[in-house]
Amino acid sequence: MVKVNVNINNQAYSEDVEDNTLLVELLRDKLSLTGTHVGCDTSQCGACVIHINGDSVKSCTVLAAQVNGKELTTVEGLASQGQLHSIQKSFQNNHALQCGFCTPGLVMSAVDLLKKNKSPTESEIREWFEGHICRCTGYKNIIKAVQEAIT
Amino acid sequence: MYNFRYHKASTIETAISLIEQSDDPKILAGGHTLIPTLKQRLSQPTDIIDISSIDELKRITLGEGNVTIGALCTHAHISNSPEITKNIPGLADLAKQIGDPQVRHKGTVGGSIANADPAADYPAAVLALNGEVLTSKENHFAANFFIDMFETALKSNEIITGIRLQIPKSSTYKKFRNPASGYAMVGVFVARYDNDVRIAVTGASSTVYRMEDIEGMLKSSFDNDIMEGIEIDTTDFNDDIHASAKYRGVILKVLLEEAILELKET
Ligand code: FES
Ligand code: FES
């Protein structure tokens, strides 16, 4: 067992986990933060993207033990005081989700993109989403949603 | 997921003593190759030794004509570092072409080099930039370090601490990505120095190698004319579902021409 002290969405957690626990398993199975999804076993789909110390990262490819002492944000932490984050709103406005499975990861990635690049071009947005797969193939509206969120 | 014991090492010394106490240890840096292979049980170590919090391995330092990059620098760090974008733009560009942005936030240069995947990008840069692989034991010249597919000169209780590269006059990395995995089907790094030209190829065969014959021709005349009539020797090239050896040869020639054209006026 490993002790993990971690701050998630501005709340402190202290959990004992098995050595081989993946971060996404800690989030979903132990902490019931099920907004973060798992879509693959090969680090390719991006459904599990969250922020670790401000950077978007695939939580299926990090051990829970590795985030001891870190600050995490998951999709549950984006909205504040009942108000959706601007990216969440623009996904809604642009019908950028169909089944919604890939959406939490894409939203978390998009937030990171706009933090690092205030006005990305269409090709920069597409490149940024390289590590995401939307099985409903709704890419066009996903790009539109990010473009709308650029202000 | 596959079961192992997890250890956190906050210094290189602790990591080495943990290695020596374990049956079948593996070092965890960025984990973006290791964790997927653990999930698939392609690798089944007894102990995972996490070195990812050793901050002294996360620095990029400029020296006299060279730059030293700590083993734990991520691809994102390298591609955005002013020291690298200014002095070795070819390397910044290489780092930016690895994986996807989320992978680049975690994957490290040391991990990539230790793994020595035949299609990895950094080995081409280390070899072309007359580099050394720095470890807890000694410094290895790149030419002696990369031995074969997934095989390097690293001993089991030796940890990569960084790489040191000679800053070229100009450099570029051209890569033909596998459209599905993004790995290099062929990648070629070309570096120009005052009296030297160095070319290293990755992805084409079982390990990275230099093209000394073409380097020689470019040393006397750095012009893409020299490529006319050149036949790439593809005898030892990989021949797999992604590309035939012959196709890899064709790609390599085109990439090399593009690289020469780009560096011609530099
Ligand atoms: S679940 Fe993490 S990339 Fe697919
Ligand atoms: S909306 Fe269904 S997978 Fe993207």
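## A tour of chain B

Start in strand β10 of chain B: select I163(B), the bridge partner there of I69(B). The model on screen is a predicted one.

**Stop 1: strand β5**

Now widen the selection to the two strands. β5(B) and β10(B), the latter covering residues 160–166, run antiparallel and are joined by 5 bridges. Select residues 66–70 to see β5(B) by itself. How many of its residues are buried? The count is 5 of 5, so the strand is mostly covered under the cut-off of less than 20% relative accessible area. Turn the strand to view its two sides. One side carries N66(B), T68(B) and G70(B), and all are buried. The other side carries V67(B) and I69(B), which are buried too. Both faces of β5(B) are thus covered.

Stay on I69(B) and look for β4(B). I60(B) has I69(B) as its bridge partner in β5(B). Strand β4 of chain B spans residues 60–62 and pairs with β5(B) in the antiparallel sense, over 3 bridges. Follow the chain from one strand into the other. β4(B) and β5(B) make a hairpin, with 3 residues between them. Click G65(B) in the turn: its phi is positive, about 70°.

**Stop 2: the four-strand sheet**

Next, display β11, β12, β13 and β14 of chain B. They form an open sheet in that order, with antiparallel pairing. Which strands stand at the edges? β11 and β14 (209–210) of chain B do; each has a single partner strand, so one side of each lacks a neighbour in the sheet.

Move to the pair β12 and β13 of chain B. Residues 184–193 and residues 196–202 pair in the antiparallel sense over 7 bridges. To pick out one bridge, select G187(B); its partner in β13(B) is T202(B).

Add the helices. Helix α5 of chain B, residues 89–96, packs on the sheet and touches β11 and β12 of chain B. Its direction makes about 20° with that of β11(B). Helix α10 of chain B, residues 212–220, lies across β13 and β14 of chain B. Relative to β13(B), helix α10(B) runs at about 150°.

**Stop 3: S205(B)**

Go to the loop between β13 and β14 of chain B and select S205(B). Is S205(B) buried or exposed? It is buried, with a relative accessible area of 10%. Show its contacts. Leaving out residues up to four places away in sequence, S205(B) touches P118(B), D236(B), F237(B) and N238(B). Then draw a C-alpha to C-alpha distance to T266(B): 29 Å in space, for 61 residues in sequence.

**Stop 4: the rings**

Show the aromatic side chains. Over all chains there are 5 aromatic pairs. Begin with F145(B) and F146(B): the ring centres are 5.1 Å apart and the planes stand at 90°, so this pair is edge-to-face. Both F145(B) and F146(B) are buried.

Then select F176(B) and Y247(B). This aromatic pair is edge-to-face as well, at 6.4 Å centre to centre and 80° between the planes. F176(B) belongs to strand β11 (residues 170–177) of chain B, and Y247(B) to helix α11 (residues 245–263) of chain B. With these positions 71 residues apart, the pair links distant parts of the chain. F176(B) is partly exposed, at 30% relative accessible area. Y247(B) is also partly exposed, at 38%.

Finish on R192(B) and F222(B). The charged end of R192(B) sits over the ring of F222(B), 3.8 Å from the ring centre.

Conventions. Residues numbered from 1 in each chain as written. Chains lettered and ligands numbered in written order. Heavy atoms only, no water. Phe/Tyr/Trp six-rings, centres within 6.5 Å; stacked < 30°, edge-to-face > 60°. Buried < 20%, exposed > 50% of the residue type's maximum accessible area, 1.4 Å probe, protein only. Lys NZ or Arg CZ within 6 Å of the ring centre and 35° of its normal. Pairing = 2+ DSSP bridges. Contact = heavy atoms within 4.5 Å. Axes fitted to C-alpha atoms, helices over the stretch in contact; angles between N-to-C directions.
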